[in-house]
Amino acid sequence: MSESPKPVKKVPIHLQSAQNRVYIRNGEIVNHDRSFKADVYIEDGVIKFVGPASEITIPGGVRTVDATGKLILPGGIDPHTHMQRPVGDTVAVDDFYRGTKAAVAGGTTMIIDCVLPKKHESLVEAYDKWRSWADPKVCCDYGLHVGITWWSKSVSEEVAILCKELGVNSLKMYMADKGVYMLNDSELLDVLEKIRSLNGVAMVHAENGDIIAKNTRNLLAEGIRGPEAHELSRQEEVEAEAVFRACTLAHQMKTPLYVAGVTSKSSAEILGRARRSGYCVFGETLARSIGLSMNGVRKSERIYFIASPPIRMSPETPRQLMKSLAYDDLQVTGSDNCTFNKGQKESGSGDFTKIPNGVNGAEDRMSLMWEKGVHQGLLDPCRFVAVTSTNAAKIFNIYPQKGRIAIGSDADLVIWNPQATRTISKATHHHACDYNIFEGMTVHGVPECVLVRGRVCAENGVVRVAEGFGRFIPMAVRPPFVYDIIEGKVQPTEEPPQEEYTNGGMSKKFAELDIQIPAHEPISAMLAGNLPMPGEGSICSTPSNRGRVDGKRDLQESSFSISEELDNSGVRSSIKVKNPPGGKSSGFW
């Protein structure tokens, strides 16, 4: 005799607010750790209910959005933007209004911009200036990193004010831009020590500024002045050396490190090796590096693609970086959005050092990640959410307010259509610049509806945002995701296991929703045994049952190579050095 069904207690939704009440039904929620079918109710910008329709009573007058056959994702978090950034005598054309409007159109619901004080400028005054630019204009929520572009006792005191009083927990140092932003190693150590004392997060732009300065002088002396000289002055090993050095310096100071803008395979491998050795480091790659290589760009147009670190020439780099995100060697994707019009770029046509550095990416980051990751069979949708939203929220201590679909979280949501396609074009983008580096690229995965704190701001290609609607989000020091690990209080974060994405799991589930995720390699097969498990000691942000990439070497079986040019991708014997010359070391040999 079968048991009688248990009565379902329905959650009443009260008529307390006449605004921002939205009910999303029949969708598949995808968080970083699992996906499941559920409805979502939003009121006053906050998620009030997540669960089956049978457990909620919806009052009249609520806007209902049908997400049948779609995914419901946490809004994207772009942790690396430079809106309205002054560069020499010019300013990036995406201000905080146009830049955040473009971000929202693409499914990003929060940005973290970077305050860049001039040398000898007060950090607090620079912070106030950025706030005065952003607060009246932002269309979505935002936070701020602050760059430390010079070092003194007064700067040290201001760093404490920023962390304790002004909602900043991440300080960025430049290892490049000699004479402008660059700090030497002694200054880097002092800054890292200060950040650690405040329980902050250290960030670096990792390129060797001394090598770049030397190469630049030599190239100009030889009459090589065009845009092709930009990457020649800062080749891949110039980035990789700085990444290795930054990891070493931060580890010596016991300071958590976030390496921004990783653009090369060799740099990603260094970060992976450091993480497997127990270092508390995190790596971010960029939309431009995932989306394209310079190999496919006509020489006459390369001036418009100049950015630092540069977009690499090798056509294999984008896929290699995506694999690094899958391996958990890298954890985050940003855009480094810093746009200039063609005329601004062309001002440096006779001298590559005068080309304003920066390109677009805030609007197309999410779709590029889906196209190159999920559609190409390298990421599952949960990992997509992790690297476009959740990991950034955890690292910068705004999780689960942001980066998760759960009761009490901000209602920053994207209804994502994985079957739809769009073609990227300057004619339809929302940036202020007059070109798009991804022009003509067709991408799978479209944000059909974007909600910022419960307000529908983009729907079916129509963007309706309000200037100044966004808020500044303070980011508190001591992110648990970072500091519980670095202080040895917990092992790498343990979270609820993901569902088994086998042929009877994810594939079946998406089939029931009539959702198809086309891929060159089936996702179910990939997750059954195609991607490598993070090595022992790795700080893994998203647990999974991943095996090896078919036909590719296990990074733990390779010996260290700081330059891709020296790496022939062959499996080499590994030697674990416990007592190297000079004494015992805990470093990542």
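## Ser 35, a buried strand residue

Ser 35 has a relative accessible area of 1% in this predicted model, and because the cut-off for buried is under 20%, Ser 35 counts as buried. You will find Ser 35 in strand β3, which covers residues 35-43.

If you trace the chain from Ser 35 to Cys 382, you pass along 347 residues of sequence. In space, though, the C-alpha atoms of Ser 35 and Cys 382 are 7.1 Å apart.

## Gly 51 in strand β4

Gly 51 belongs to strand β4, made up of residues 46-51. With a relative accessibility of 7%, Gly 51 is also classed as buried. Leaving aside residues up to four places away in sequence, Gly 51 touches Ala 38 and Asp 39.

Gly 51 can be paired with a residue from much later in the sequence, too: Ala 406 is 355 residues away along the chain. From C-alpha to C-alpha, Gly 51 and Ala 406 are 9.7 Å apart.

## The protein as a whole

Stepping back, the protein has 589 residues, and 61% of them are buried. Its secondary structure consists of 16 helices and 21 strands.

How do contacts relate to sequence separation? Among contacts with a separation of 6 or more, 76% join residues that are 24 or more positions apart.

## Helix α7 and its surroundings

Helix α7 runs over residues 236-252, a total of 17 residues. At 1.5 Å a residue, this helix should span 24 Å, and the distance between its end C-alpha atoms is 25 Å, so the expected and modelled spans agree. Just beyond α7, Lys 254 adopts a positive phi of about 55°.

Which residues of α7 are buried? They are Glu 236, Val 238, Glu 239, Ala 240, Ala 242, Val 243, Arg 245, Ala 246, Cys 247, Leu 249 and Ala 250. The elements covering them include the helices α4 (185-197), α5 (209-221) and α8 (265-276). Strands contribute to this cover as well, among them β14 (201-205), β15 (257-262) and β16 (281-286).

## Packing of α7 with α8

The axes of α7 and α8 lie 8 Å apart, and the two helices pack at an angle of about 15°. Angles under 35 degrees count as roughly parallel, and α7 and α8 are therefore roughly parallel to each other. Their crossing is right-handed.

On the α7 side, the contact is made by Glu 236, Glu 239, Ala 240, Val 243, Phe 244 and Cys 247. Their partners on α8 are Lys 265, Ser 266, Ser 267, Ile 270, Leu 271 and Ala 274. Sorted by class, this contact of α7 with α8 brings together 7 nonpolar, 2 polar and 3 charged residues.

## Packing of α7 with α4

Helix α7 also meets α4; the axes of these two helices come within 9 Å and cross at roughly 45°. How are α4 and α7 oriented to each other? The angle makes them oblique, and the crossing of α4 and α7 is right-handed.

From α4, the residues taking part are Asp 185, Leu 188, Leu 189 and Leu 192. They meet Arg 245, Leu 249 and Ala 250 of α7. By class, the contact of α4 with α7 holds 5 nonpolar and 2 charged residues, with no polar ones.

Methods:
Residues numbered from 1 in each chain as written. Predicted model: local features only at pLDDT ≥ 70, side-chain atom pairs only at ≥ 80, totals over all residues. Heavy atoms only, no water. Helix = DSSP H or I, 4+ residues; strand = E, 2+ residues; numbered from the N terminus. Expected span 1.5 Å × (residues − 1). Buried < 20%, exposed > 50% of the residue type's maximum accessible area, 1.4 Å probe, protein only. Contact = heavy atoms within 4.5 Å. Axes fitted to C-alpha atoms, helices over the stretch in contact; angles between N-to-C directions. Parallel < 35°, antiparallel > 145°, perpendicular 65-115°, else oblique. Left-handed = near helix turned anticlockwise from the far one by under 90°. Nonpolar A, V, L, I, M, F, W, Y, C, P; charged D, E, K, R; others polar.
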